[in-house]
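Welcome! Take a moment to turn the model around on your screen, and then let us walk through it together.

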Amino acid sequence: MMNRDRDSEFAETVVHINRVAKVVKGGKNFSFSAVVVAGDGAGRVGYGTGKAREVPPAIQKASEQARKEMVKVPLVGGTVPHKIWGQWGATKVLLRPASPGTGVIAGGGVRAVMESAGIQDILTKIVGSRNPFNVVRATFDALNNLMTDEQVRRLRGVDFAGSDQVTETVELATESEGAVDEPVVEKTAAEAAADAPVEEAEKS
């Protein structure tokens with residue numbers, strides 16, 4: 001269930017509502033816990049959990065927390081930059097890039113997170129526990145570890161700014177190697193003596 005407030009830029013999705021019963025002396029006290037995912041559909045997404053005696057206050061608390069804890073997801077052409085695993089507790093979530101037109105191949109809390117983040121094409125898989133709370137947390141663990149090419153280059157200290165200069169240097173070196181000087185032929189003593197009379201005759 002996705003809701004978008006008119007005054008808000010974030011779309012909210014209630015992933016799961018869990019009813020908890022606490023046994024006391026006079027009977028049972030019921031409370032509700034909710035997990036909500038919020039996103040702007042352009043790479044920003046967050047999640048939150050809330051607990052209250054009634055359902056609406058629990059959703060409101062989770063929604064406020066989701067808006068406060070937004071993360072930026074790096075996107076490349078509507079999908080994730082690379083394959084990544086996320087884990088939380090006994091839950092593992094696999095995110096794999098997909099070609100355009102594939103769509104969001106996901107279920108449960110993973111689909112809610114992908115749609116809220118604005119991811120259009122992706123392949124996912126849940127391994128282990130399918131607890132909705134753990135699935136959402138494992139999905140965000142994977143999203144937080146995504147890195148773009150520029151981030152990887154910066155982390156490794158690789159600078160491609162001087163690539164043009166390197167290319168020019170290689171081309172100049174190749175040209176200098178290609179220019180072969182003419183070989184110098186040395187004459188032997190017999191050849192020099194044979195050529196000497198001819199030169200003297202020409203002078204006379």
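Does valine 80 count as buried or exposed? Please keep in mind that what you see is a predicted model. Find valine 80 in the loop between strand 5 (70–72) and strand 6. Its relative accessibility is 2%, and buried means under 20%, so valine 80 counts as buried. Now look at what surrounds this residue. Leaving aside residues up to four places away in sequence, valine 80 touches Pro74, Arg96, Pro97, Ile119, Ile122 and Leu146. There is also a meeting of distant parts of the chain here: valine 80 and threonine 148 are 68 residues apart along the chain, yet 9.0 Å separates their C-alpha atoms.

With that spot in mind, step back to the whole protein. You can count six helices and nine strands. Of its 204 residues, 32% count as buried. Among contacts with a separation of 6 or more, 55% are between residues 24 or more positions apart. On the outside, the protein exposes about 13,400 Å², and carbon and sulfur atoms supply 51% of that area.

Next, follow the chain from the loop of valine 80 into strand 6. Strand 6 (residues 84–88) runs antiparallel to strand 7 (residues 91–97), and five bridges join the two. Together they form a hairpin with two residues between the strands. One of the bridges is easy to pick out: tryptophan 88 has threonine 91 in strand 7 as its partner. In the turn, glycine 89 has a positive phi of about 65°.

Strand 7 also leads us inside. In soluble globular proteins, nonpolar side chains tend to be buried together. Here the largest nonpolar core has 26 residues, and those with the most contacts inside it are Val45, Leu95, Val110, Val113, Met114 and Leu143. Two or more residues each come from strand 3 (27–39), strand 4 (44–52), strand 7, helix 2 (109–117), strand 9 (122–128) and helix 3 (132–144). Helix 3 gives the most, with seven residues. For a view from within, try valine 110: not counting residues up to four places away in sequence, this residue touches Val93, Leu95, Thr124, Ile126, Val135 and Thr139.

Finally, how many of the eight residues of helix 4 (residues 149–156) are buried? The number is zero, so helix 4 lies largely in the open. Just after helix 4 comes glycine 157, with a positive phi near 75°.

Conventions. Residues numbered from 1 in each chain as written. Predicted model: local features only at pLDDT ≥ 70, side-chain atom pairs only at ≥ 80, totals over all residues. Heavy atoms only, no water. Pairing = 2+ DSSP bridges. Helix = DSSP H or I, 4+ residues; strand = E, 2+ residues; numbered from the N terminus. Core = buried A, V, L, I, M, F, W, Y, C linked by side-chain atoms within 4.5 Å. Buried < 20%, exposed > 50% of the residue type's maximum accessible area, 1.4 Å probe, protein only. Contact = heavy atoms within 4.5 Å. Areas by Shrake-Rupley, 256 points an atom, 1.4 Å probe, with all protein chains shown as cover.
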